[in-house]
Every structure is written in C-alpha cells, then in structure tokens.
Amino acid sequence: MKKYTGKGVYGAIAIGKVSLFQRQDIQVKRLHIENEEAEIERFEEAKEMAVSQLKEIYEKALVEVGETNAQIFEVHMMMLEDDDYNDAIREIISNQNMNAEYAVATTADNFATMFAAMDDSYMQARAADVKDISNRVIACLNKEEERLTQSDEKMIVCADDLAPSETVSLDKDMVLAFVTAHGSSNSHTAILARNMNIPAVIGLGDGFLKEIEAGSWAIVDGFTGDVIIDPEEEILKEYEKKQKEDMEKKELLLKLKGKENVTLDGTKINVYANIGSADNIGAVLLNDAGGIGLFRSEFLYLENMDYPTEEQQFLVYKKVLESMATKKVVIRTLDIGADKQADYFKLDKEENPALGLRAIRICLTRPEVFKTQLRALYRASIYGNLAIMFPMITSVSEVEQILGICESVKKELKTEGFDYSDNIELGIMIETPAAAIISDKLAPLVDFFSVGTNDLTQYTLACDRQNPNTERFCDTHHEAILRLIEISAQNAHANGAWIGICGELAADTTLTETFLHMGIDELSVSPTFVLKLRDTIRNIDLGKVEI
Amino acid sequence: MKTFDYTIKDELGIHARPAGLLVKAAKAYASEVNLTKGEKTVNCTKLMALMGLGVKCGDVVTISVNGDDEIVAAEGMKTFFEANL
C-alpha cells in the first residue's frame, strides 16, 4: 500500500483500477523546407482541421459541462486564429524556411513562456492552453488520429497533466476519477472535473507516475486529496463506507434540491442554516438552505487579537449578505462570555460564567463595542436581506435599551451620509426561561424570536451542558422546555412576529412534527443537515385539512 | 477618437473567457478598438496579446475607439465592459 497526497478538486471518492493516460511524445523535427508557400498552406489546412476538432469538443462540452465552461474551447479556437500567433508561425516558415511543425512548436513555446512568466497564477496556467492547441495542430500536421485509447472498463485515469480538451474528450462514463502529477486548481481541467462531477486529485508530484502501474487498485479521495495505491483490506472497507455515505448524501441532494419544505398536508416551514464564519457560505448554498438562520458573529472577535474594527466587520457582513443575494441572513450580535472567551475583552474571572457577564450583557455594559458592530451591520444591510438578533435576553428593559441604541446608530449613520436598509428585522433569542415566560411582553417589541435550545435547556434544567456528570439529568425533550417553546410561539404569533429555532433541537428530527404542530416558522440547522430535515418534513402529515 | 477609462471588477481580471468575448465584441465594429494598461496598448482583436497584458481586478484600463463607427462602438464597448468585466 502506498499513499500520495495532492490537491482534491472535486469532493467524491472513487475506487477502481488505474489506467495510465499516455500521450505519444510529440517529437518535432526541425527541417528546412524549399517551398514556403506550400508549407504555409500545409499549416493552414492543419489549423482548419484542429479548429473543426475543437468545435466538436466544444459541442460535447456544451452538453457535459454547460456553456460557461465550454467557452474555453471557443477561446481555444480563437487562440488558433489569433493574428500574433499566426504571424509568428508564418514568419518562421517563410523567413527561416522551417517546417510547419517546428514553427508551431516554437511559437507555442514562446507564448507559453510569456504566460508562464506572468505574476498571476491563473495566467500562468494558460501556458498549458497554448501548448494544448499547438500540439493539436502538430498532430493534425502529422495526420495523427485522436490520441486517446480507452478500455471498456471504468478506470481511474492517471496522467502527468491533462489538457482541458483531453479531459472533455475522455468518455465520461468510463472515467472513475482524474489523478494528475501536475496541474493547478486554477486549470480548466480542474474546473471541468468539478463540473463533470468526477472526483479529481491534482499535483501529486513527479514520483507518483513513475511508481504506479496500470491495472493496480487505487482509492481516490477528492475530499482530502489522498490517493492510495493497492489499499489494504481494512482501508478499502473504510473507503467503501465513506463512498456509500457520500453517494447517499449526493442522491438526497439531487432528489431534494430545489424542493419545498412542505409537509404532506401542505404546511410550510423555512429551513435555514447556522454558520460560524463566512467560509461556510459555500456549504449553505450547496445544501440549498433557504437562508441563514444564525450567523454567529463571535468568530470575528475570537479570531482577533483586538476588537475588530467597524470596517473589518462591515466587509465580512457585506460578503455574507451579497453571497446570499435576496435570501434572509440572521446575524447574531456578539455572544462572547461563558465558554467563549477573548483575552482582550479583559473580562473578570467569574465563579459562574454561564450566569455571568456574557453576550448582550457585555454589549449593554460596553455600548461602544456594541455600537461598532451595529454600525457595521447597518452599513452592510443595503447589500442583502439582513435580520439582526440579540442573544441572552431576560427582560423588556434590555430590549428597549437595545432598540434605543439601534435608533441612535441609525441617526449617526444618517448624519454621516451612510445608507442603510429600512427593512432590517430585529429579533431576540429565547434562551432563558425568563424570556420565554414574558414572551408576551417581548414579542410586540421585535420582529422575530429565535429559540436557542442549548442555553434554554441548560438554564431551564439547571444542567451545565459541558458537565458530563449532569448529562443524565439533562433531558433535552423535557416537557418544561417544550412548553416554554410553545408559549413563545403562541406569543410571537399573537403579536405578528415569527419564531424560529436555531439550537441543536432544530435538527432533532424526532421533534420536527412537534415543532410543526406548534407553528414554528423556521428551523435553522447546520448546512449538512438541511436536506435531511427537508426529507423529514416532506414525509410528515399533520393531518390538517385545508379549508 | 473616443476613449473611456474602466476599472476591472471581475475577480480574475481579463482572463481567458472574457478575453475571448472581448475579442468577439471588438471584431463586431469597423473601428479599431485598443486597450491600454499602463504603458502597454494592445488591439482588442488580439486574444493572446490581450491575455498577455495580465489585467487584474481593480486595474484601470483605457479603451480607445477609432474609426467610422466610433460613437456606436464606444457605447457598445462600455456596455460590454460593464456586463462582463
């Protein structure tokens, strides 16, 4: 067994036999020619043939990877027609009396060198494109057939590098994975592999190709970039399991993507995603969440050595809002304290941090920190559909103070000439029993509630959620918790507010039906759970008959 | 001659695909369309030269249009840049 690690460019797992993709080394001879005009004519014919081959590849790519990605072959055709490229080739033929093959190869080298010397990794990768089109012309000059040979068994295709045209020319149904010694994740091959949904690992290094043999068994893990040759039985089993899970997940994705979160009797609910950093947005979109129900802004504070500036925060919020387009993004203001500490806050050591100065309590004690965050949020609000949520609320006066601060932030921004949206929903977390019990008083002040079930459980049942000894007393389905959620839901709806759940209970599919009965409007779960939850919802029948 | 400045907004700059589209767009006019970045100027119908400029996101380029249909062409190019780059 041997393991190599490269860069995975499409996350999926392949297990199968290795086939070595070998291209005949194109040996270009340098020959003097007598008749320049005839040689130029030869070049033109070969170029025409190359263009028509590219056209075929373009059409195949259109079907397999879509127009945007197929365009690269249109660009290839245009490169072949490029004046500078053609002039250079003709010049070598007519002025140096060289054969067309040599002229094309030399010109290709020159242009490739130009791209390779650019200080931009994307453009450097274009050197491969120039070589690819030129090799095609040379092959046409030599009247070579398409140079691919393929078996009729599905294989893991290993190569030193694959040109985009080679990637697309391979019969997709016969390829289990692409594995290359070189190549960059910017290469069009990587982009195409992603679009063809074929696991691919690139950049395994030179040694790799020398050591593998055609026909040996291999595992390709496109998630981690691992390629394992001749795997041991145990590892093989492990990967077979991983592959099966991945396939089930993707199948679910395919089946449920774009579908509504609606029960059999027609009750609808929003399923949103919880995220802890802007990096997770990809997962949110991939899993088709309807919005972001909880964006924990703490990471901005925890990853910093000092208070994050307004500008720093603004850029992150803007990015998240823009990426989600018109979908709702609920951003929770900082929830530092208890188990999440940042040294520069210089908070006193507390006997009981869970009951200490945390979250909104810090914000109301240090309004300047709070205001910086609110200013950044309001300024970013024009880039999408923002809702702001405040954590750890226990009283009406807290909410009134918060709303007062929001108003003063708006006034400040207005005088400074900053724009902000007029449609920002403001909401609070229901995570203390106090908030749930007085939810009738809180609901008229806000647009929404979001139940944080982890803290609500901890505070209701007096169980430290990090203490393993209290675990058996910490029944997350405790009737007290469910009643508090139900009270909150009734009070929210009676006052025209909506209510969501963003804690761990939201993902507990044994409670989904209960929550639907309570009239919960939104469940927010980790991105990977969105579709599982959708599946559950779509199989629930609340037995309500529509009138 | 008509000229205008444009700040590139595409994350990858004038990369292969948009360069190809730009060539197509420029070829549609009788006027000569040139693009200048810093001290270098290239004809927009030349794909390789265009890519070789290495125009990146945030770069300011000057587009100059010269010829019989320059008014229409300049408008057309402006629309093209705004839509694609």
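Look at the loop between strand E8 (226-229) and helix H9 (233-256) of chain A, and you'll find A:Asp230 there. This is a predicted model, and in it A:Asp230 has a positive phi of about 50 degrees, even though the residue isn't a glycine. That catches the eye because most residues other than glycine have a negative phi. As for its surroundings, A:Asp230 has 14 other C-beta atoms within 10 Å, so it counts as partly exposed.

There's another case of this kind further along chain A. A:Ala325, also not a glycine, has a positive phi near 50 degrees. Its home is again a loop, the one between helix H12 (310-323) and strand E11 (328-332) of chain A. Is A:Ala325 buried or exposed? With 11 other C-beta atoms within 10 Å, A:Ala325 is exposed; the cut-off for that label is 12 or fewer.

Back to the helix that comes after A:Asp230. H9(A) lies across three strands of chain A, namely E3 (13-20), E7 (217-221) and E8, and runs at about 115 degrees to E3(A). Those strands belong to an open sheet of eight, with mixed pairing and the order E1-E8-E7-E3-E4-E5-E6-E2. At its edges sit E1 (2-5) and E2 (7-10) of chain A, each pairing on one side only. Going from one strand to the next, the twist averages 30 degrees. For a parallel piece of this sheet, try E5 (residues 175-180) and E6 (residues 200-202) of chain A, which are joined by two bridges. Here A:Val179 stands opposite A:Val201 in E6(A).

Now over to chain B. Its secondary structure comes to three helices and four strands, and along the sequence they follow the pattern β-α-β-β-α-β-α. The four strands of its open sheet are ordered E1-E4-E2-E3, with antiparallel pairing. E1 (2-7) and E3 (40-43) of chain B stand at the edges with a single partner strand each, so one side of each has no neighbour in the sheet. On average, neighbouring strands here are turned by 25 degrees against each other, direction ignored.

What does E3(B) pair with? Strand E2 (residues 32-37) of chain B is joined to E3(B) by four bridges, and the two run antiparallel. Within this pair, B:Thr36 stands opposite B:Thr41 in E3(B).

Finally, a couple of totals for chain B. Of its 85 residues, 44% are buried. Among its contacts between residues at least 6 apart in sequence, 71% join residues at least 24 apart.

Notes: Residues are numbered from 1 along each chain as its sequence is written. Chains are lettered from A and ligands numbered from 1 in the order in which they are written. This is a predicted model: local features need pLDDT of at least 70, side-chain atom pairs count only at pLDDT 80 or more; totals for chains, interfaces and linings use all residues. Two strands pair if DSSP finds at least two bridges between them. Axes are lines fitted to C-alpha atoms, for helices over the stretch in contact, and angles run from 0 to 180 degrees between N-to-C directions. A residue is buried if 20 or more other C-beta atoms lie within 10 Å of its own, exposed if 12 or fewer, and partly exposed in between; C-beta atoms are placed from the backbone. Two residues are in contact if their C-beta atoms, placed from the backbone, lie within 7 Å.
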